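Please open the model in your viewer, colour it by confidence, and keep a selection box ready, since each stop on this tour begins with something to select.

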Amino acid sequence: MSQLKRVFLSVRILILVLFIGLSGGKAQGAQMPAEFVATALTAYGDIFPGQEQTNAICLLEVVGQKFVKLVVQAEPAELAEAESENNLIELLWAPVDYFLAFIDKISLGYGLLYYLALLACFFLFNIASVVMVTVVSNWFFNRKEAYYKSKRKEIIEIVSPYFYDVLDPEEEAELVEKLEKYKRLKDKQIVIDVLIEGKRNFIGESSGKIKELYEILDLHKVSLRKVRMGNWYRRSIGLRELAFLGRKGFKNEIKKYINDDHQYVRTEAVLSYMLLDEKNPFGFLRELKYSFVRWDSLSIYYTMYFNGIEPPPMVDMLKHPDPQVRLFLLRMISNYNQLDAVKEVTKYLLDDDPEIRQEAVITLRSLEYYRIKALMKKRYADEIEPVRMEILRSMKHFIEDHDITFLEERVRKGSFGEVFEAVRILYRFSGYGEQRLWVLNQELQGKIEVFIKHVVEPRNKHVA
Amino acid sequence: MSGEEFYLVSLEGGINIKEKVKLRDLAVTKENLDLNAKKTIVIVEDNDLLSKVLEYRMQKDGYHVETFTNGEEAIDFLTTNSFDLLITDLYMPFMNGSELIQHVRNKISTEVPIMAISATHEEDVIANIFNIGANDFIVKPFRAGELSVRIKRLVG
């Protein structure tokens, strides 16, 4: 028997022994393996007399040989005879037989072994490469982070007095000299990050000094380079840096990106423009060619709010061709309570775009422009449902005695929402309003009782 | 003169201890006493830049400053040492400013002034900070000079 064949047989027999051990252990307690081993040792002694019987490989081999001889190579008649003669066969019960047949079926040659070995190698290689990539990238990341932290600490030590103190020219020159030593691009970026953070935390004199430092150290060139040459992400970061730290002159550079192809760059350019032109923060609207999205309007509102930018008179720009911009301006008029815009806003109650008409109603309501009530009531019949609902909600603020008839009409003929709103307004208007509701309920044969009960319920009082 | 020797007599466990010291040692002792007399301000702020700038400024104003990056770290110090003002950020990892203020007020001191710093503009948050025991609140970004004045007012 060749060495390879011997190994192969041994592997097969090992599987067999394991299988017997495991299944025997389950089926008949721990006795089965011991019994099997004793029988196998007897058989070993028959075949290889005088040899060391405790050799595990030999033991497996003899079991294998016996098995091959008795099970695989034997004719059915011989097998039956052997089965009756040899107690080894008694150990190979039916499931084991089935298992061995399966093993033989799939391992007629040595190909499977090679295949398994190859698979094992591939598996190990995979694990090793994953571990290697993780370790190496982690190492690079840690190294980069450690570098960033140490440089940042150094820079913070240098610039701290600058943020809080009035330094004399000599001290200032010394500080600039120290910072000028950071010539590498990544070091300059760390200086920019620290300055931006300073700008975020301090206002007043310190803030002005930070901008000066940004110019003196030529850091704006780093930001401009990012804006001009970077991908959309770097471009956005560059724009932000220019807006936070740059002088107003960069407004023209930023203007070029207001109509950039990338949405994020456009938004960042708009916000940067606003920060650099506080006197006319909505000047970018004149340049805007892309449609203005709601997200932009939200970002603009928060930028104004958090940076204390004074809102310009929105009424001047209400004729903007983009309906989304007009919507945004209407909301801004409402947010900043620009009362002098009411006349212009009133015109938008007749706009072609229903969304703008709806927003105009909301704006006039928030500006508490009571005189508009008559026009709203007149327009009511021609309006679509959402605008009608806003008109009704406005009525709640503007209601007078003679409006009761109008509201009763809504209760009689309106949609589900309109009825609900009209019932709520009538109930809250006065005791007379509530009285009228019950009369109406009788007239409508109890159809609005559910609505009345809902608005009367004390737990629903908070509903606007 | 600086080499002149003195005897310091102190009473320890009912026994007089006579210690020979030189004048220069006495000077050091006096300096140490002055150091101890400095008011201590504890800054709890996770932003290293802001923390460093405040520390720098307050040291220049003559305070002794201890800085920590979160509430959990600060508690050990606050429990075992006396301090004259606690300045804390609101949003920090592990233990935020509100939790720290509550801990100080419930377990350490009801008297010591506390100033909270945050970028939040939310009225509920600000009202809650005063409710749980903060004496002052400053919104980021702030004027450096304004903070110094507020600190002086609180510490006295």
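Begin with chain B of this predicted model, where the average pLDDT is 78 and 76% of the residues score at least 70. Within chain B, select helix 1 (residues 23-37), which has the lowest confidence with a mean of 48, and then strand 5, which has the highest at 92. Two stretches of chain B deserve to be marked before going further: residues 8-15, where the pLDDT is below 50 and the model has 13 contacts beyond near neighbours in sequence, and residues 21-33, where pLDDT stays under 50 and 17 contacts reach beyond four places in sequence.

Next, select the strands of the sheet in chain B, of which there are 5, forming an open sheet with parallel pairing in the order 4-3-5-6-7. At the edges you will find strand 4 (64-68) and strand 7 (136-139) of chain B, each of which pairs on one side only. From one strand to the next, the twist averages 15 degrees. Strands of a sheet pair through backbone hydrogen bonds, in either a parallel or an antiparallel manner. For a closer view of one such pair, show strand 3 (residues 40-44) and strand 5 (residues 85-89) of chain B, which run parallel and are joined by 4 bridges. Which residue of strand 5 does Ile41(B) stand opposite? Label both positions, and the partner turns out to be Leu85(B).

Keeping the sheet on screen, add helix 3 (residues 71-80) of chain B, which lies across strand 3, strand 4 and strand 5 and runs at about 160 degrees to strand 3 of chain B. Then add helix 4 (residues 97-108) of chain B, which lies across strand 3, strand 5 and strand 6 (114-118), running at about 155 degrees to strand 5 of chain B.

Before leaving chain B, go to the loop between strand 7 and strand 8 (142-143), where Pro141(B) has its place, and inspect the peptide bond from Lys140(B) to Pro141(B), which is cis with omega near -5 degrees. Most peptide bonds are trans, and most residues other than glycine have a negative phi. An exception to the latter is found by selecting Asp218(A), which is not a glycine yet has a positive phi of about 60 degrees, and which lies in the loop between helix 10 and helix 11 (219-229) of chain A.

Now that chain A is in view, colour it by confidence too: its pLDDT averages 77, with 74% of the residues scoring at least 70. Among the elements of chain A, the lowest mean pLDDT, 50, belongs to helix 5 (residues 87-91), and the highest, 89, to helix 18 (residues 354-366). Residues 22-33 of chain A have a pLDDT below 50, and this stretch has 11 contacts beyond near neighbours in sequence.

The last stop is the largest pocket, which holds about 940 Å³ of space. Select Arg200(A), Phe244(A), Leu275(A), Phe306(A) and Asn307(A), the closest to its centre of the 30 residues that line the pocket. Extend the selection to helix 9 (185-201), helix 10 (205-216), helix 12 (232-245), helix 14 (263-276) and helix 15 (294-307) of chain A, the elements that give two or more residues to the lining. Colouring the lining by class then shows 10 nonpolar, 10 polar and 10 charged residues.

Note on methods
Residues are numbered from 1 along each chain as its sequence is written. Chains are lettered from A and ligands numbered from 1 in the order in which they are written. This is a predicted model: local features need pLDDT of at least 70, side-chain atom pairs count only at pLDDT 80 or more; totals for chains, interfaces and linings use all residues. Side-chain values use heavy atoms; hydrogens and water are left out. Two strands pair if DSSP finds at least two bridges between them. Axes are lines fitted to C-alpha atoms, for helices over the stretch in contact, and angles run from 0 to 180 degrees between N-to-C directions. Contact means heavy atoms within 4.5 Å. On a 1 Å grid over the protein atoms alone, a cavity is a set of points where a 1.4 Å probe fits but cannot get out, and a pocket is an open set with protein on both sides within 12 Å along at least five of seven lines; lining residues have an atom within 4 Å of a point. Grid points are joined across faces, edges and corners, and a volume is the space filled by probe spheres set on the points. Ala, Val, Leu, Ile, Met, Phe, Trp, Tyr, Cys and Pro count as nonpolar, Asp, Glu, Lys and Arg as charged, and the others, Gly among them, as polar. pLDDT is the predictor's confidence in each residue, from 0 to 100.
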